[in-house]
Amino acid sequence: MSTYSDEMLAARFAALATEPLEGDWLAVQRRAWQGHRRKLTLMLAAALAAIAAGSALALGPRVVDFFSSEPAPGRIVRQLEDFKRSAALDWGDNVPVVASEARTIIDLVRPDGSSVYIAVAPTTTGKGFCMVLTASGSSGGTSGTDCNLPDELRRTPMQPGGASTGDPEHPTGWEDFAGYVAAPGTDHVEIHYEDGSHEDVPVTWVSDPIDAGFFAFDPAAEHLAEGHRAVAVVAVDASGKALARTPFTYPDERTRNNPWRIPPFSDLRWPPAIDQTTIRPLPIFGLPSWVEKVELGRGDGGFCFRVVTPPLGLRTDVSFGGGCITPASSEPCCRLRYWGPTGERIDGRRTWGIGFTGIVPAGATVELRFEDGSRETVQPVERVIVYLVPKHHYARGTRLTEVRVVLADGTVYQREAVSPKAEIYYRNGPTP
Amino acid sequence: MKEMGKLDCDLEELYRRRHGAFQVMLASVTGSREAAQDVVQEAFARALRDQRSFRGEGSLEGWVWRIAFRVALGSRGSRELAVGELPEAGFVDAERDAALAAAVAGLAPQQRLIVFLRYFADLPYAEIGEVLGIATGTVSATIAQAHSHLRTALTHEVIA
């Protein structure tokens, strides 16, 4: 006679189990927040009552329930879906946007015709968010789509953008500010001006699964004039303590009109002084994978070099900057220019590293000194140096501490100390 | 402006790992997969929303099961998890396994519920005790009785 063991029973029950329907965590979060609506309403009512009673309240963020916010229009959903397809090169196959759940957060059209629109969508992981930001002003505008996961938000807790006047990469003024702030505890943001004044800008804080604030601001026309322009956006808590700060700089007129100025990032044009027929690649080896080539061009007794990155995702070839020696230059060398974060997404992440570019005097070499006592000598190519610190020098105790430009006769022409404590440069590397 | 809490993450992880088991089990209470799916969504949503009421005295999964049962029974108009509201044996499809369906139908209601929690929800004895608010020993004894009944019924089936 056969008997049934526990395992046999389990197997027999298991055979009956029907295939479950697919789960949807986002729908769970939505339900949870719909249940919160009443609580939020009560909180807002209490805040309004406190204001009516004359209580001293900080500016405070306006809290909105993401799932109760207005669904984004079809064109925005399509824009996010397009982003999902086109950004696959940057992110791999997992562009984490849930386009169908996009919500409009800010939609402003001002009497002067300028406008700011922000929509956010949750990510497939339920953490971080994707954002569409469109801003237009009298002289142009900007439109961008990107996803920010928690790691990115920790590194960049606030990101203002907007419509600017002048060169998009080197604006001469800002007509609109708009962006996100993810610094916990943010009460509002402040726009600081060159003349020392500042203005408070409220933040709309969007509930889970977004859990970030958004803002838009249209400075008065006088703040486009030199001496009164915005110099920083600062996120502050209720006590006024700064939590995050994004500075703005403006090129002066001399810089803007300099025929030897390397155009800004993403602009592949050469300075007007360079003879286009002289442009050629430099044979520099050991370049990081995100550098496609280094080019050199000559003209009028001077020369320039430029670092070009390969196509990455939405971008085609872009200039990562460079430098020039002008005929009028009294110095045989420009200072070494350090790289911080490269700012490019590779495999869905930003790649960070420390390195430098520069032009050194003829016959000079560059000597690198590291924490562990080791040294390395780099030979310039036609006076141009492009160097990225290798990863085995990312760990504490092995990091770069000094760069020396040494002339042919052994004289130290330039010496630059590099702080090994600058963790910002080593975010991709081991930090024991 | 809070950071996503650990409990949020734990609930999400539990959902992703176990929502299928919840659905299969709760279909026996609600009568359909679709209704069970709705109950599971609602149960996890309530858990997310009311997570402060989870004191960490038992397992998180046991706590969510209790919520899920309350939601499932609430959807049938009941407020409390009572023996009289236990899952129908009808969940074991008689067309697919007539002998097992008959054997399960012969179980006492509490035995049937515990058997379901054991085999469909795959819960250990201690968690079944937490969900039902009974001692682990009672779970163990009830399962032993149920086993005995099922073995007898199914052994007869094998002989036949």
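Helices (H or I, at least four residues) and strands (E, at least two) are taken as DSSP runs, numbered from the N terminus. The model described here is predicted, so that local features need pLDDT of at least 70 and side-chain atom pairs count only at pLDDT 80 or more, whereas totals for chains, interfaces and linings use all residues. Residues are numbered from 1 along each chain as its sequence is written, chains are lettered from A and ligands numbered from 1 in the order in which they are written, and side-chain values use heavy atoms, with hydrogens and water left out.

In chain A, strand β2 spans residues 103-109 and includes Arg103(A). With a relative accessible area of 8%, Arg103(A) is buried, a class reserved for values under 20%, with exposed meaning over 50% and partly exposed in between (1.4 Å probe, protein chains only). Contacts are defined by heavy atoms within 4.5 Å. When residues up to four places away in sequence are not counted, Arg103(A) touches Phe66(A), Phe67(A), Ser69(A), Glu70(A), Pro71(A), Ala72(A), Ile118(A), Ala119(A) and Val120(A). The last of these, Val120(A), is 17 residues from Arg103(A) along the chain, and their C-alpha atoms are 5.5 Å apart. The side chain of Arg103(A) also reaches the backbone oxygen of Glu101(A), at 3.0 Å.

Strand β9 of chain A (residues 177-181) is largely enclosed by the rest of the structure, because five of its five residues are buried. Burial extends to both faces of β9(A), with Phe177(A), Gly179(A) and Val181(A) on one side and Ala178(A) and Tyr180(A) on the other. Pairing of strands requires that DSSP find at least two bridges between them. Strand β6(A) (residues 158-161) pairs with β9(A) in the antiparallel sense over four bridges, and Gln159(A) has Tyr180(A) as its bridge partner in β9(A). An antiparallel pairing over five bridges likewise joins β9(A) to β13(A), where Phe214(A) is the bridge partner of Tyr180(A).

The loop between β12 (204-206) and β13 (212-217) of chain A contains Pro209(A). The peptide bond from Asp208(A) to Pro209(A) is cis, with omega near 10°. Asp211(A) is found in this loop between β12 and β13 of chain A, and its phi is near 50°, a positive value in a residue other than glycine. Most residues other than glycine have a negative phi, and most peptide bonds are trans. A positive phi, near 50°, is also found at Glu382(A), again a residue other than glycine. Glu382(A) is placed in the loop between β25 and β26 (384-388) of chain A, and its relative accessible area of 33% makes it partly exposed.

An open sheet of chain A is formed by four strands in the order β25-β24-β27-β28, with antiparallel pairing. Its edge strands, each pairing on one side only, are β25 (375-378) and β28 (412-417) of chain A. On average, neighbouring strands of this sheet are turned by 20° against each other, direction ignored. Within the sheet, β27(A) (residues 400-406) and β28(A) pair in the antiparallel sense over five bridges, and Glu402(A) stands opposite Ala417(A) in β28(A).

Chain B has seven helices and zero strands. Of its 160 residues, 51% count as buried. Among the contacts in chain B with a separation of 6 or more, 65% involve residues 24 or more positions apart.

Helices α5 (residues 109-119) and α6 (residues 125-132) of chain B have axes that come within 10 Å and cross at roughly 130°; axes are lines fitted to C-alpha atoms, for helices over the stretch in contact, and angles run from 0 to 180 degrees between N-to-C directions. This crossing makes α5(B) oblique to α6(B), the term for angles that are not under 35 degrees (roughly parallel), over 145 (roughly antiparallel) or 65 to 115 (roughly perpendicular). The contact is made by Leu113(B), Ile114(B), Leu117(B) and Arg118(B) of α5(B) and by Tyr125(B), Ile128(B), Val131(B) and Leu132(B) of α6(B).

Helix α2 of chain B (residues 33-49) holds Glu42(B). Glu42(B) counts as buried at 17% relative accessibility. Leaving aside neighbours within four places in sequence, Glu42(B) is in contact with Arg49(B) and Val71(B) as well as with Arg31(A).

Terms used: A polar contact is a pair of N or O atoms within 3.5 Å; within protein, one must be able to donate a hydrogen and the other to accept it, and residues adjacent in sequence count only if both atoms are side-chain atoms.
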